[in-house]
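Biologist: Before we begin, may I ask you to explain how the terms used for such a model are justified?

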Amino acid sequence: MEFFCYHRDRPGSVALRDELLEEHWSYMDRFAAQLIARGPTFADDGETPTGSVHIVDLPDPAAARAFAFDEPNHQAGVYRDVMLRRWRNMLGRTMWDFPGGRTGGDRYLVLGLGSGPAADLDVPSDRDGLVAYGPLLSDDAATWLGTAVLLRAPDPDMARAVLTPEHYAGIEVHEWEFGGRR
């Protein structure tokens, strides 16, 4: 079962986040074989961390909750909240298989949150910039809750355009970069 996890940073937690970097990476190393994508999000300045994305394949919702809430930054209070949803890997690959590589171009997390009829279930025909793409689902995968996308795009507006706005209560766009050890 694939899960999308987005830990949002608590304001003023950058120093604590930096202090725990090795602990965070060591924790994530334990899940290396299950990770589909990972990486930090940033404020508009492109430097201040605002959160951490992890898309991971785990046996069940209980394992996903343990993954999200046992994470060292969460335990230490770096994060103000956690979004954890079932997710479906519509590209069938990991970020490490992304043909565009780790560098080059601006990268974004696009979150479309909604309710009602499912939207944007088909992968866009222009897949070149897509790093990860899939629907956000309820724990039992029966209810569509939105869409999460990691992509390379020229700017935030072009990133936002990957989703159909009228199908969502709101769409968030965050600067994002490939995570993990360099």
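Modeller: The model is a predicted one. Let us start with Glu71, which is buried yet has no salt bridge.

Biologist: How do you know that Glu71 has no salt bridge?

Modeller: A salt bridge requires a side-chain nitrogen of Lys or Arg within 4 Å of a carboxyl oxygen of Asp or Glu. The nearest side chain of opposite charge, Arg17, is 7.8 Å away from Glu71, so the criterion of 4 Å is not met.

Biologist: Where does Glu71 lie, and which residues does Glu71 touch?

Modeller: Glu71 lies in the loop between H3 and helix H4 (72-76). Leaving aside residues up to four places away in sequence, Glu71 touches His7, His24, Tyr27, Met28 and Tyr79. A polar atom of the Glu71 side chain also lies 2.7 Å from the backbone nitrogen of Asn73.

Biologist: Why is the aromatic pair of Tyr27 and Phe67 called tilted?

Modeller: A search of the whole structure finds six aromatic pairs. In the one formed by Tyr27 and Phe67, the distance is 6.1 Å centre to centre and the planes are 35 degrees apart. Centres within 6.5 Å make a pair, and an angle neither under 30 nor over 60 degrees counts as tilted, so the name applies.

Biologist: What makes this a link between distant parts of the chain?

Modeller: Tyr27 is in helix H2 (residues 21-29) and Phe67 in helix H3 (residues 61-70), 40 residues apart. Both Tyr27 and Phe67 are buried. Together with Phe31, Tyr27 and Phe67 form one aromatic cluster.

Note on methods. Residues are numbered from 1 along each chain as its sequence is written. This is a predicted model: local features need pLDDT of at least 70, side-chain atom pairs count only at pLDDT 80 or more; totals for chains, interfaces and linings use all residues. Side-chain values use heavy atoms; hydrogens and water are left out. Helices (H or I, at least four residues) and strands (E, at least two) are DSSP runs, numbered from the N terminus. Buried means under 20% relative accessible area, exposed over 50%, partly exposed in between (1.4 Å probe, protein chains only). Lys and Arg count as positive and Asp and Glu as negative; His and the chain ends are not counted. A polar contact is a pair of N or O atoms within 3.5 Å; within protein, one must be able to donate a hydrogen and the other to accept it, and residues adjacent in sequence count only if both atoms are side-chain atoms. Contact means heavy atoms within 4.5 Å.
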